[in-house]
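Here's a quick briefing to read alongside the model. Have the sequence and the 3D view open while you go through it.

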Amino acid sequence: MTVHNDKSSLLNSLKIERKPVGRKPPSPVFYGVAGACVIAIGAAAWFFWPDSRIPVQMVTVEGGVGASGGVNLDASGYVVARRKATLSAKILGKVVELNVEEGQSVKEGDIIARLDDSNYAAALRQARAQVVQAKAAFDNAAPIYDRYRGLKQQNAISTDDVERQRALYDAARTQYAVSQTVVALAQTNQNDTLIRAPFTGVVTD
């Protein structure tokens with residue numbers, strides 16, 4: 001029994017202890033390089049990804065050393081607009097006038113550009129001419145209708161005569177109202193050929 005234990009001890013002494021196999025943990029340098037890459041990728045994505053930033057110009061702030069022993073301050077950054085607007089016309093047309101350039105200041109309501117309004121101007125003139133005709137017809141129908149009503153009260157004419165004149169009066173009044181609406185529509189179309197600044201600001205593009 002004693003001999004067997006001695007052999008076991010000898011065999012155990014010949015065994016090679018194996019440490020658990022595992023990966024060597026990355027060095028702090030690896031973590032530093034990986035972190036720098038992630039930051040660089042994130043910064044590039046933030047810079048090139050479309051957003052509401054409007055880079056106008058680089059701004060550098062410098063402060064010299066004063067009598068009190070101050071230090072220099074040097075900083076750079078982007079000027080970002082608080083609000084922006086992309087201007088376009090409500091209608092399609094050829095641009096015939098552009099009144100602004102990049103970096104120019106504009107006030108609210110200033111005309112930025114003009115579209116060709118020749119067709120809309122002609123339509124407006126025609127509509128105004130129709131208003132003049134409709135108003136003349138209405139001005140003529142009104143006193144005639146009043147006279148017919150007076151004659152009817154005197155039993156000088158029949159009711160049918162008065163009703164026919166009333167129909168003519170109503171038609172003239174309706175035509176006058178319609179012509180005024182056409183003028184308003186033509187005027188709106190012509191106004192839409194003007195592109196105006198929606199607020200006071202600076203043209204960036």
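What follows is a short lead, then bullets grouped by topic.

Keep in mind that this is a predicted model. The chain holds 4 helices and 5 strands, and from the N terminus on these run α-α-β-β-β-α-α-β-β. The part to look at is the pairing of helix H3 (residues 118-153) with helix H4 (residues 159-191), whose axes sit 7 Å apart.

**The chain overall**

- Of the 205 residues in the chain, 16% are buried.
- If you take contacts between residues at least 6 apart in sequence, 65% of them join residues at least 24 apart.

**How H3 and H4 pack**

- The angle between H3 and H4 is about 160°. Anything over 145 degrees counts as roughly antiparallel, so that's what H3 and H4 are to each other.
- As for handedness, H3 and H4 make a left-handed crossing.
- Sorted by class, the residues in the contact of H3 with H4 come out as 22 nonpolar, 9 polar and 7 charged.

**H3 up close**

- H3 is 36 residues in length and covers 53 Å from first C-alpha to last, which is close to the 52 Å expected at 1.5 Å a residue.
- Which residues of H3 are buried? They are Ala121, Leu124, Ala127, Val131, Ala134, Phe138, Ala141, Ala142 and Tyr145.
- H4 is part of what covers those buried residues of H3.
- Pro143 also belongs to helix H3. With a relative accessible area of 42%, Pro143 falls in the partly exposed class, because that class takes in whatever lies between the 20% limit for buried and the 50% limit for exposed.
- Pro143 gives you a handy cross-helix distance: from its C-alpha to that of Tyr169 is 9.3 Å, with the two positions 26 residues apart in sequence numbering.

**The loop between H3 and H4**

- Asn155 is in the loop that links H3 and H4, and just after H3 it takes a positive phi of about 60°.
- That's worth a glance in a Ramachandran plot, as Asn155 is not a glycine. Most residues other than glycine have a negative phi.
- Is Asn155 buried or exposed? Its relative accessibility is 64%, so it counts as exposed.

**H4 up close**

- H4 has 33 residues, which at 1.5 Å a residue should span 48 Å; its end C-alpha atoms are 48 Å apart, so the two agree.
- The buried set in H4 is Val162, Gln165, Tyr169, Ala172, Tyr176, Ser179, Val183, Ala186 and Gln190.
- Cover for these buried residues of H4 includes H3 and strand S4 (194-196).
- Val182, also in helix H4, is partly exposed, with a relative accessible area of 35%.
- The C-alpha of Val182 is 8.4 Å from that of Arg128, though the two are 54 residues apart along the chain.

**After H4: Thr193**

- Thr193 belongs to the loop between H4 and S4.
- Its relative accessibility is just 1%, so Thr193 counts as buried.
- What does Thr193 contact, leaving aside its neighbours within four places in sequence? The partners are Ile91, Ala113, Arg114, Leu115, Asp116, Asp117 and Tyr120.

**The strands: Ile112**

- Ile112 is part of strand S3 (residues 111-115), and a relative accessibility of 10% means it counts as buried.
- Beyond residues up to four places away in sequence, Ile112 touches Leu87, Glu97, Leu98, Asn99, Val100, Val106, Ile195, Arg196 and Ala197.
- One of those partners, Asn99, lies 13 residues away along the chain, and its C-alpha is 5.3 Å from that of Ile112.

**An exposed loop residue: Lys90**

- Lys90 is in the loop between helix H2 (28-48) and strand S1 (95-98).
- Its relative accessible area is 72%, so Lys90 is exposed.
- Lys90 and Ile195 are 105 residues apart along the chain, yet their C-alpha atoms are separated by 8.8 Å.

How values were computed: Residues are numbered from 1 along each chain as its sequence is written. This is a predicted model: local features need pLDDT of at least 70, side-chain atom pairs count only at pLDDT 80 or more; totals for chains, interfaces and linings use all residues. Side-chain values use heavy atoms; hydrogens and water are left out. Axes are lines fitted to C-alpha atoms, for helices over the stretch in contact, and angles run from 0 to 180 degrees between N-to-C directions. Helices (H or I, at least four residues) and strands (E, at least two) are DSSP runs, numbered from the N terminus. Angles under 35 degrees count as roughly parallel, over 145 as roughly antiparallel, 65 to 115 as roughly perpendicular and the rest as oblique. A crossing is left-handed if the near helix is turned anticlockwise from the far one by less than a right angle, and right-handed if clockwise. Ala, Val, Leu, Ile, Met, Phe, Trp, Tyr, Cys and Pro count as nonpolar, Asp, Glu, Lys and Arg as charged, and the others, Gly among them, as polar. Buried means under 20% relative accessible area, exposed over 50%, partly exposed in between (1.4 Å probe, protein chains only). Contact means heavy atoms within 4.5 Å. The expected span of a helix is 1.5 Å times one less than its number of residues.
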